[in-house]
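Me: I am new to this structure and would like a close look at one pair of packed helices. Please start with how the two sit against each other, then place them in the rest of the model.

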Amino acid sequence: MISPEAQARLEQFKAMPIDGQALKKLVEAGLTWLRANQQTVNALNVFPVPDGDTGTNMVLTMQSAWAEIDNLGHRNVGQMAAAVSQGALMGARGNSGVILSQLWRGFARALHNQENLDGPGLVRAFAEARDTAYKGVVRPVEGTILTVAKDVASAAKYALAETQDPFEILERVVPAADASVEHTPELLPVLKQAGVVDSGGKGLFYILEGMLRYVYGQPLDTPLATVQPLSAMNLENTLESIEPGQDFEVVVDFVPSGSLDLQKFYGELETMGTSIQVGEGEGMYRMHIHVPTENRYHPIDYVMTLGTITKVAMENLLAQMDAVGQKASPDSIELANVEPGQIAVVAVSPGRGIARVFASLGVAAIVEGGQTMNPSTQEILSAFENLPTDKVIILPNNKNIILAAQAAKDVTVKNVHIVPSRTIPQGLAAMMQFNPAGDAEAVAAKMGKSLGDVTSGEITTATRTVEIDGVSVEKGQVIALMNGKLVLSAAAVEEACMGFLDKAEAASHELITLFYGEDLAQSEAARLVDVIRAAYPSQEIELQYGGQPHYQLIISVE
Amino acid sequence: MKISLVTDSTSDISAELCAEHGIEIIPAILNLGDESYQDGNGLTREEFYQRLPSLPVPPTTAAPSVGSFLERYERLFTAGASQILSFHPSERLSGIFNSARLAAEHFGERVRVIDSGQITLGMGFQVLAAAEAIARGALLENILGLVEGIKQRVRVVALLDTMTYLRRSGRVSWAKAVVGELLNIKPLVELRFGIVERLAQVRTRSQGIQRLTDALHSWGPLERLAILHTNAEGDARQLLEELKPRLPIPPLIVNVTTVIGTHVGPNGLGLAAVPAPGG
């Protein structure tokens, strides 16, 4: 039951039409509430691997939609929805982001040329959103954001029997979305196994709930007062979205002297800065915040009143941003020159070493990204839009990037083929078939056929304790994935690597190629090669610097 | 009218076949450090390929002098030839064609220098077909037509064990373009009309051999076939065993001349084939 104040505000809203400006407010509310709950969505991760975080991907997608409409004065709801759709599409990251952008696309299509949004219009829009999203996925899987979108559309349709008012329909849709999310583990066994609900569905729920909270006049950003496990704090990626006024990053570790009042803690911090995250582990708390220069000591002074500070780290983000900008300049990567009429390949690469290898094989453009950082549709698009040819082949090299590549294909006038490589070794195998002067369709088909030529291995450290595919994993253990499936856990990289090679039947293959990541020293990688050589004397073994984050090794067996 | 045939050592026609058909071979030149060899003399192919990877200075190749062509043509005319056909690799690949052309200018129409567009048996088969036609008493125009037909149909593909030698040769533009290549890649190349094209690249030898046999099967019925290698006779024999059931003709097995091998590297494997017309 809602409060009398909320009921009063709802009545107020019902008196006004939902025009373009009202939709804008709702979108902003959905984004704000999703962002407030971003970490909760991120934590719903099935595999214990460092992953492209769904919450972050969906927030960035919505943020791009918001950036598109922020300054738009349209009163026409159809035009506003079209702009939301366009922005979401260009910023779509990860599978969930792409599906979210498809939802908006369908939503906008149903509202084409509409002045205002009424109840039947909303029901139509939810239905069209559902249909468009299902069509945007090659093999729709139930128990995901798609199911939630479907249940939302049904709930809206049933609500129409009781009310014509769009807000009252929204009131009925939000609990239905919640129930649908809770039901996802029954539909998708991997969720049940991992003991989580679907993250994309949860994200969609937060967007809808945020809209309703806005209507009720409930706060949208403060209840972000959550504490995450220390290990789950992802402070690296916060750099990507620095806005003006976020000059310094301050991280303070402390042990509170009493119990910490989180609501009050967050409230105080919010007066100082943004991007607040709080983590806890074994009684120690870590606070993360971005603040303007003049406030840089305030969080430290404040935390000091709450307990004992054990460590303070402060970084100048502006200087760091400059450094990131410089690092991105392709100093030693020599990309292939494409001539008009030739085929250009765009490859997604998680590490500098891997990017160099792709470049050496004739790739014309590299998009930085991978498992932990899914590039947006816009980033993929920008990579090839200025190339002097119309023929483009995209190698996503990750299953979470295939849809964003597809979205990039859908918005460009260029002739784009996607070779759905799911791993780096698959992408490299495809490049073996590449011929820039060939017929694009035939070349892409050949490249696609070659994806099965290799067995892919990935060695990483488990981010949490779980049992998946019959393999028990303790957080912190080293795990091996074979062709994307978890196959074993081990105490150390060497054991995981040798175990993988055994499972991949390396003894009956010819060539083992290892790409070592930024977390593995070259000397350790070289030592590992000696161990492998001793065990596989008749195989050729090649060691390359990959430079990928989180994954100590990416291995190709062929 | 007596028609005589001249070619150079890059045609890879064996001494026995040359003797049988009266084909004259001008040796190309291989420079190994301070030593200079006439192709086929003083250094066996086996020995050369064994030494190639460890040579401190890469060997170089050179066209035979204009004088050596002049001398040979002169000798053939003295021996009664009325027409000479002189077959050589494309100008794009070697200076041999030019040496021959400069020498031929002294004899006017009596020496026809033919750009075979090929090397090794891709060229050798053109010469052998001409020899057989001469033996049948064919007319010059018919011989030239026959040779042109083979030049159009002949296929030469090779699996290189490494890019290193081809890149070093400086003869192939795309090989230079991928100079930053990091992975160990085995390119599959085809020579057509004097241009080395990259068909594919593979990372394991068995994938490459599979590609070779796939290519062969795509050519349809064959008139002639040679299995080429650079000191990989074992692989060549194995390939022969695999192909045998589908071959109407016994192929030649040829350890390729050092002058070509310098640019290909050891352990290469290839095919030269003449598909039947209309195939």
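Reply: In this predicted model, the axes of helix H4 (residues 54-69) of chain A and helix H5 (residues 77-91) of chain A come within 7 Å and cross at roughly 135°. An angle counts as roughly antiparallel only over 145. H4(A) and H5(A) are therefore oblique to each other. Their crossing is right-handed. In general, the angle between the axes and the distance between the axes describe two packed helices.

The residues that meet can be listed from either side. H4(A) contributes A:Leu60, A:Thr61, A:Met62, A:Gln63, A:Ser64, A:Ala65, A:Trp66, A:Ala67, A:Glu68 and A:Ile69. Facing them in H5(A) are A:Met80, A:Ala83, A:Val84, A:Gln86, A:Gly87, A:Ala88, A:Met90 and A:Gly91.

The pair belongs to a chain with 21 helices and 17 strands. Chain A has 558 residues, and buried residues make up 51% of them. Of the contacts in chain A with a separation of 6 or more, 70% are between residues 24 or more positions apart.

Another helix of chain A can be followed in detail. Helix H8 (residues 145-159) of chain A has 15 residues, which should span 21 Å at 1.5 Å a residue, and its end C-alpha atoms are 21 Å apart, in agreement with that value. H8(A) is mostly covered, with 12 of its 15 residues buried. The buried set begins with the run A:Ile145, A:Leu146, A:Thr147, A:Val148, A:Ala149, A:Lys150, A:Asp151, A:Val152 and A:Ala153, and it also includes A:Ala155, A:Ala156 and A:Ala159. Charged side chains are part of the list, among them A:Lys150 and A:Asp151. These buried residues pack against four helices of chain A: helix H6 (94-110), helix H7 (119-135), helix H9 (166-187) and helix H11 (199-216).

Two loop residues of chain A give the opposite picture. A:Glu294 lies in the loop between strand S4 (284-291) and helix H13 (298-304) of chain A. A:Glu294 counts as exposed because it has 9 C-beta neighbours inside 10 Å, and 12 or fewer is the cut-off for that class. A:Glu294 is 46 residues from A:Phe248 in sequence, while their C-alpha atoms are 9.4 Å apart in space. The other residue, A:Asp469, sits in the loop between strand S11 (466-468) and strand S12 (471-473) of chain A. A:Asp469 is not a glycine, although its phi is positive, about 50°. With 11 C-beta neighbours inside 10 Å, A:Asp469 also counts as exposed.

Chain B is the partner of chain A. Chain B has 11 helices and 13 strands, and 45% of its 279 residues count as buried. Among its contacts between residues at least 6 apart in sequence, 75% join residues at least 24 apart.

Helix H5 (residues 120-135) of chain B shares a number with the chain A helix described at the start, but it belongs to the other chain. It has 16 residues and reaches 22 Å from its first C-alpha to its last, close to the 22 Å expected at 1.5 Å a residue. Since 13 of its 16 residues are buried, H5(B) is largely enclosed by the rest of the structure. After H5(B) comes B:Gly137, with a positive phi near 80°.

A positive phi, about 50°, is also found at B:Phe193, which is not a glycine. B:Phe193 is in the loop between strand S9 (186-192) and S10 of chain B. It has 14 C-beta neighbours inside 10 Å and so counts as partly exposed.

The two chains touch through 14 residues from chain B and 13 residues from chain A. On the chain B side, strand S10 (195-202) and helix H9 (205-218) each supply at least two residues. S10(B) gives the most to that side, with 4 residues.

Last comes the confidence of the prediction. The model scores ipTM 0.70 and pTM 0.69. Chain B has a mean pLDDT of 90, with 96% of its residues at 70 or more. Among the elements of chain B, strand S6 (residues 83-88) has the highest mean pLDDT, 98, and helix H8 (residues 173-177) of chain B the lowest, 62. Predicted coordinates should not be read in detail where pLDDT is low.

Notes. Residues are numbered from 1 along each chain as its sequence is written. Chains are lettered from A and ligands numbered from 1 in the order in which they are written. A residue is buried if 20 or more other C-beta atoms lie within 10 Å of its own, exposed if 12 or fewer, and partly exposed in between; C-beta atoms are placed from the backbone. Two residues are in contact if their C-beta atoms, placed from the backbone, lie within 7 Å. pLDDT is the predictor's confidence in each residue, from 0 to 100. The expected span of a helix is 1.5 Å times one less than its number of residues. Axes are lines fitted to C-alpha atoms, for helices over the stretch in contact, and angles run from 0 to 180 degrees between N-to-C directions. Angles under 35 degrees count as roughly parallel, over 145 as roughly antiparallel, 65 to 115 as roughly perpendicular and the rest as oblique. A crossing is left-handed if the near helix is turned anticlockwise from the far one by less than a right angle, and right-handed if clockwise.
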